[in-house]
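Me: I would like to learn how to read a structure feature by feature, starting from the chain as a whole and working down to single residues. Could you take me through this one?

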Amino acid sequence: MRSFTFAAAALSAAGLVDASSSPSKTLPKLAERASSLPTVTASGNAFWAGKTRFYVRGIDYQPGGSSDAADPLADTDICSRDVKEFKKLGVNTVRVYITDNSKNHDTCMQALADAGIYVIIDANNPLYSINRENPGPSYNTPYLQSVFATIDAFASYTNTLAFFSGNEVINSTADSTLSAPYVKAVTRDMRQYINKRGYRKIPVGYSAADVSQNRMQLADYMNCGSDDERSDFFAFNDYSWCNTDFKTSGWDEKVKNFTGYGLPIFLSEYGCITNGRDFGELAALMNSEMTSVYSGGLMYEYALEANKFGIASIKGSSVSELPQFSKFASALSKNPAPTGDGGFTSTTNSQACPTSDAGWLVSDTLLPAIPTGALAYMSKGAGTGPGLSGDGSQNSGETSTGYASPGSGSSTATASSKNAGPTLMGPMDKSPFVVSLIVFMCTLAGALIL
Ligand SMILES: *[C@@H]1O[C@H](CO)[C@@H](O)[C@H](O)[C@H]1NC(C)=O
Ligand SMILES: *[C@@H]1O[C@H](CO)[C@@H](O)[C@H](O)[C@H]1NC(C)=O
């Protein structure tokens, strides 16, 4: 179990100029920063880079971890140090949990594109997130402004692969499932914002904890209801391999159960460290036993932190590669992305909304309406983001006043508020709640819950 608590962090100023990116005098001007990657789209239950099926062959990237919340893509020294390592590994994607939506990311995003690497961005950060212990008040206008500003910060890069609308907000406690309607509303709002602002259709989905009591319910919930309320993909953090095999790990059953899910699925974290670590996960993920349902995954993680999952030990500008670094690189090269379509399904479909039970407390399918102030950002834009040193959003600001009417069409439609419905507040919302610093839902790494 690797649960982190975010603490407020002073951010070091970013951005020294990367000498290697200055234009060469012998090259025509056009060559300068001209590199771009084909954009990735979700179609059927798979991702596509142009006409080629795209598999996530990536790594989770947050040097400093959650206790030192800093944006590695806003600091040229940091990203250029690490992109060299990513190239050695041969990854095609990095996931970044904490970014600063008030900063510029041009240089780092370009360096990644030049290395053939896509980026998946978590839209939340320590100060701006949904609080699973009291979700209603945390779904508010200042929060959504930060989320939307993060979209603005990354939408223009061709190598932005996707956005996560949340990470492990719902965990193994039954009460935490009551935050699912809010997470789903955030997903809806992000998709709508991308559409309304005229950005390309960057996929949005949720990164779930792998919890046996709610695994299928949560997945189904994120893909049920009207099109505007469903996600573009589903992802979860899976730590069940532990140097075993396809059957012992239970991955065979997860393939079976997710067959026909109707959207792309990938592992947003994997890489159990029990029983040693040979990254056999990759052989399975790239094999036809999984590719009809899964689109790869992200190994947790690049930078070594106290939890010992990292494969690179970092001190200032120097990186030392741990033995697992070359093991991961070799697993990637031994298990290339399959050619062909991997047996994907060309159509998408929704799932029936789950019924409530002891482990899944959501009995309603209605979602909270977007707070009025946040709705205005759809037409005027989110403006300057608060970055990582703003006032924070939990328990502050204007909240939702009722349900949205479902099926307000597609993600082009604006969810409208319908005040007639019963209150959305679940049992957790009614209990007294004490704010103690920023010790909320932000679990950076998956919890090992089998
Ligand atoms: C799940 O969430 C609850 C409420 O925030 C928290 O107390 C608990 O530690 C979390 N459990 C895990 C396994 O992360
Ligand atoms: C797969 O589905 C079956 C039947 O619903 C269920 O009993 C089992 O726990 C599921 N397995 C996993 C790994 O979710």
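Reply: Let us begin with burial over the whole chain: in this predicted model, buried residues make up 52% of the 450 residues in the chain. The secondary structure comprises 12 helices and 15 strands.

Me: What share of the contacts with a separation of 6 or more comes from residues 24 or more positions apart?

Reply: That share is 84%.

Me: How should I read a strand, and which faces of β4 are covered?

Reply: The general idea is that in a regular strand the side chains alternate between the two faces of the sheet. In β4, which spans residues 56-60, five of the five residues are buried. V56, G58 and D60 lie on one side, R57 and I59 lie on the other, and both faces are covered.

Me: Which strands does β4 pair with, and in what sense?

Reply: There are two pairings to follow here. β4 is joined by four bridges to β11 (residues 294-299), and the two run parallel; within this pairing, G58 stands opposite L298. Three bridges join β4 to β5 (residues 93-96), again in parallel, and here I59 has V94 as its bridge partner. Between β4 and β5 the chain passes through helix α1 (residues 76-89), in a β-α-β crossover that is right-handed.

Me: What do I find if I continue from β5 to the strand that pairs with it over four bridges?

Reply: Start with β5 itself, where T93 and R95 on one side and V94 and V96 on the other are all buried, so that both faces are covered. T93 is the bridge partner of G58. The strand you ask about is β6 (residues 118-122), which pairs with β5 in the parallel sense, with I120 in β6 as the bridge partner of R95. The chain travels from β5 to β6 through helix α2 (residues 106-114), and this β-α-β crossover is right-handed.

Me: How do I read the faces of a helix, and which residues of α7 are buried?

Reply: The general idea is that an α-helix has 3.6 residues a turn, so residues three or four places apart point the same way. In α7, the buried residues are W251, K254 and F258. Seen down the helix axis, these residues fall within an arc of 55 degrees, so they line one face of α7. On the other side of the helix, E253 and K256 are exposed.

Me: What do the buried residues of α7 pack against, and which residue with a positive phi follows the helix?

Reply: The buried residues of α7 pack against β10 (265-270) and α8 (281-285). The residue that follows the helix is G260, with a positive phi near 85 degrees.

Me: Which residues are around ligand 2?

Reply: A useful way to read a ligand shell is to list its residues, then ask which elements supply them and what their character is. Around ligand 2 are R215, M216, G250, E253, K254 and N257. Helices α6 (215-222) and α7 (251-258) each supply at least two residues of this shell, and α7 gives the most, with three. By character, the shell divides into one nonpolar, two polar and three charged residues. Two of the shell residues also appeared in our reading of the helix faces: K254 is among the buried residues of α7, whereas E253 is exposed on the other side.

Me: Where should I look for backbone features in the loops, and which residues does a cis peptide bond join?

Reply: For loops, it helps to read the backbone angles together with the location. A cis peptide bond joins Y300 and E301, with omega at about 5 degrees, and E301 is found in the loop between β11 and β12 (312-315).

Me: Which residues other than glycine have a positive phi, and are they exposed or buried?

Reply: One of them is N275, whose phi is near 70 degrees, and its place is in the loop between β10 and α8. N275 counts as exposed because it has 10 C-beta neighbours inside 10 Å. Another is N395, with a positive phi of about 60 degrees, found in the loop between α11 (372-380) and β14 (403-404). With 14 other C-beta atoms within 10 Å, N395 is partly exposed.

Terms used
Residues are numbered from 1 along each chain as its sequence is written. Chains are lettered from A and ligands numbered from 1 in the order in which they are written. This is a predicted model: local features need pLDDT of at least 70, side-chain atom pairs count only at pLDDT 80 or more; totals for chains, interfaces and linings use all residues. A residue is buried if 20 or more other C-beta atoms lie within 10 Å of its own, exposed if 12 or fewer, and partly exposed in between; C-beta atoms are placed from the backbone. Two residues are in contact if their C-beta atoms, placed from the backbone, lie within 7 Å. A residue is near a molecule or strand if its C-beta atom, placed from the backbone, lies within 6 Å of it. Ala, Val, Leu, Ile, Met, Phe, Trp, Tyr, Cys and Pro count as nonpolar, Asp, Glu, Lys and Arg as charged, and the others, Gly among them, as polar. The arc is that of the directions from the helix axis to the C-beta atoms. Two strands pair if DSSP finds at least two bridges between them. A crossover is right-handed if, with the strands pointing away from the viewer, the path from the first strand over the helix to the second runs clockwise.
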